[in-house]
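User: Hi! I would like to learn how the words used for a protein structure follow from its values. Could you go through some with me?
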Amino acid sequence: MTDAAPRIVVLDALRGTAVLGILVANLPGFALPLAAYFSPAAWGGTAPADVAMWTLTFVLVEGKMRGLFAALFGASMLLVIERADARGDNGAALHLRRMGTLFVIGCVHLYCVWSGDILALYALVGTVALLFTGAPTRLLLFAAAAALLVATINGLALTAVGDRVLEEVFGRSSPAALAREIAALRGSWTGTVAWRWHEEAGPLTAFLANGPETLAYMLLGMAGLRSGFLTGAWPRRRYAVVAALTLGITLPVYAAVAWRTIAHAFDAHAVVLASFVLTPPLRPLGVAGDAALLLLLFRDGPLTRRLAATGRVALSNYLGCSLAFTALFYGWGAGQFARWDRASLYLLIIPAWALMLLWPRWWLTRFGYGPAEWLWRWATRGRWAPLRRTSCERDAI
């Protein structure tokens, strides 16, 4: 975060858990056509195991891990700004340089590696979130609620368009469209770049579509940091009450929405209603419940320390997953795109999570930053930062 800044272990552990969860959500995005991300009927199979995995992901992961990750981004940016100001630097200027650098990294990731990038979006939304860094907790909560209302209205607008528009703009699930996408992503690297440039939404389009919801979570993360919720400062009983109430409300509703979507055979309107209208207002409760439950479970033990190490190199893990899975599925690598059924994809979680949990602690005993974090820091500050730890620093880990 900042020079010699003390780490908040539970905040790092939450971030590590979120980046593991985001991989679960992203797997269909790496391996299957875009329409299949929301609908097993589009591609990837509708066998009971495939529908079951979609249901579990929708109920437990979809939107919530992304929301938690964005909330932690908001909390971390507030920490960076406040700590920079406290040591006499210009925290706002540092933040804007960080967001500018992150935007460049995100655009390279978006166009050269994978279309599911969130970094450029976070950079744009993070720039807007700077306006709220001095706001009190109540104003942060009010602004987050207003942003979520805008996101819900945007989702309702999608349901007002005709079926053909939904299929072409949102679903992209006609046989001809699917065939073009599969051919492009099984092709050469230059072909995949050209496909993303012409067919996928750019960062500004993503900002207009997903910016309000992402801003809401960043503001909630700032409020969570200020209130002590995200740092583990609340009494355990209060976390237990939050987890029981929020998850007790949201999980049954998510399950009912999933059942309704399956009953409607994943038609475009049912999918849009499920992902963009009915669940966005509930996601903050789900995010809060997941965070509260995790904070209850975290202990000063090996697993929490490994999760914290994974969270400290979250950017490296996120980019590393994109490189590894596009190498497996895209034509410039093993060419497995659209060849796996949905259920089989989740077998890859076991080796992926193992690697994401194992390498960070080994790396951080030798180096001060993850490789991507070090590059981000260097590009932001315009000067080389020492990467390798001294022997004294290693002994302190």
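Analyst: Happy to help; we will take a few terms and check each against its cut-off. Keep in mind that this is a predicted model.

User: How do you know how confident the predictor is in this chain?

Analyst: We look at pLDDT, which runs from 0 to 100. The mean for the protein chain is 90, and 92% of its residues reach 70 or more. Over residues 391–397, though, the pLDDT is below 50. Beyond near neighbours in sequence, that stretch has seven contacts in the model.

User: What makes H5 roughly perpendicular to H10?

Analyst: The axes of H5 (residues 91–112) and H10 (residues 189–199) cross at roughly 110 degrees and come within 8 Å. Angles of 65 to 115 degrees count as roughly perpendicular, so H5 is roughly perpendicular to H10.

User: Which residues meet where H5 and H10 touch?

Analyst: From H5 they are Leu110, Tyr111 and Cys112, and from H10 they are Trp189, Val193, Arg196 and Trp197. Sorted by type, the residues of this contact give six nonpolar, no polar and one charged. Arg counts as charged, and Arg196 is among the H10 residues here.

User: How do you know that the buried residues of H10 are on the same side?

Analyst: The buried residues are Thr192, Trp195 and Arg196. They cover an arc of only 95 degrees around the axis, so they lie on the same side of H10. A general rule helps here: an α-helix has 3.6 residues a turn, so residues three or four places apart point the same way. The buried residues of H10 pack against H5 and helix H9 (175–185). Turned away from the buried side is a face with the exposed residues Thr190, Trp197 and His198.

User: Why is Thr101 called buried?

Analyst: Its relative accessibility is 13%, and buried means under 20%, so Thr101 counts as buried. Thr101 is in helix H5. Leaving aside neighbours within four places in sequence, Thr101 is in contact with Trp376, Ala379 and Thr380.

User: What makes Leu295 buried?

Analyst: The same cut-off of under 20% applies. Leu295 has a relative accessible area of 8%, so it is buried. This residue is found in helix H14 (residues 283–297). Not counting residues up to four places away in sequence, Leu295 touches Val10, Leu14, Phe229, Leu230, Gly232, Arg236 and Tyr239. From Leu295 to Ala240, the C-alpha to C-alpha distance is 9.4 Å, with their positions 55 residues apart in sequence.

User: Which residues of helix H15 are buried, and what covers them?

Analyst: In H15 (residues 302–312), the buried ones are Thr304, Leu307, Ala308, Ala309, Thr310 and Gly311. Their cover includes helix H1 (9–31), helix H16 (314–329) and helix H18 (349–364).

User: Ala265 and Ala338 have a positive phi. Why is that worth pointing out?

Analyst: Most residues other than glycine have a negative phi. Ala265 has a phi of about 55 degrees although it is not a glycine, and Ala338 has one of about 65 degrees, again without being a glycine.

User: Is each of these two called buried or exposed, and why?

Analyst: Exposed means over 50% and buried under 20%. At 54% relative accessibility, Ala265 is therefore exposed; its place is the loop between helix H12 (236–263) and helix H13 (268–278). At 9%, Ala338 is therefore buried; its place is the loop between H16 and helix H17 (342–345).

Definitions and conventions. Residues are numbered from 1 along each chain as its sequence is written. This is a predicted model: local features need pLDDT of at least 70, side-chain atom pairs count only at pLDDT 80 or more; totals for chains, interfaces and linings use all residues. Side-chain values use heavy atoms; hydrogens and water are left out. Axes are lines fitted to C-alpha atoms, for helices over the stretch in contact, and angles run from 0 to 180 degrees between N-to-C directions. Helices (H or I, at least four residues) and strands (E, at least two) are DSSP runs, numbered from the N terminus. Angles under 35 degrees count as roughly parallel, over 145 as roughly antiparallel, 65 to 115 as roughly perpendicular and the rest as oblique. Contact means heavy atoms within 4.5 Å. Buried means under 20% relative accessible area, exposed over 50%, partly exposed in between (1.4 Å probe, protein chains only). The arc is that of the directions from the helix axis to the C-beta atoms.
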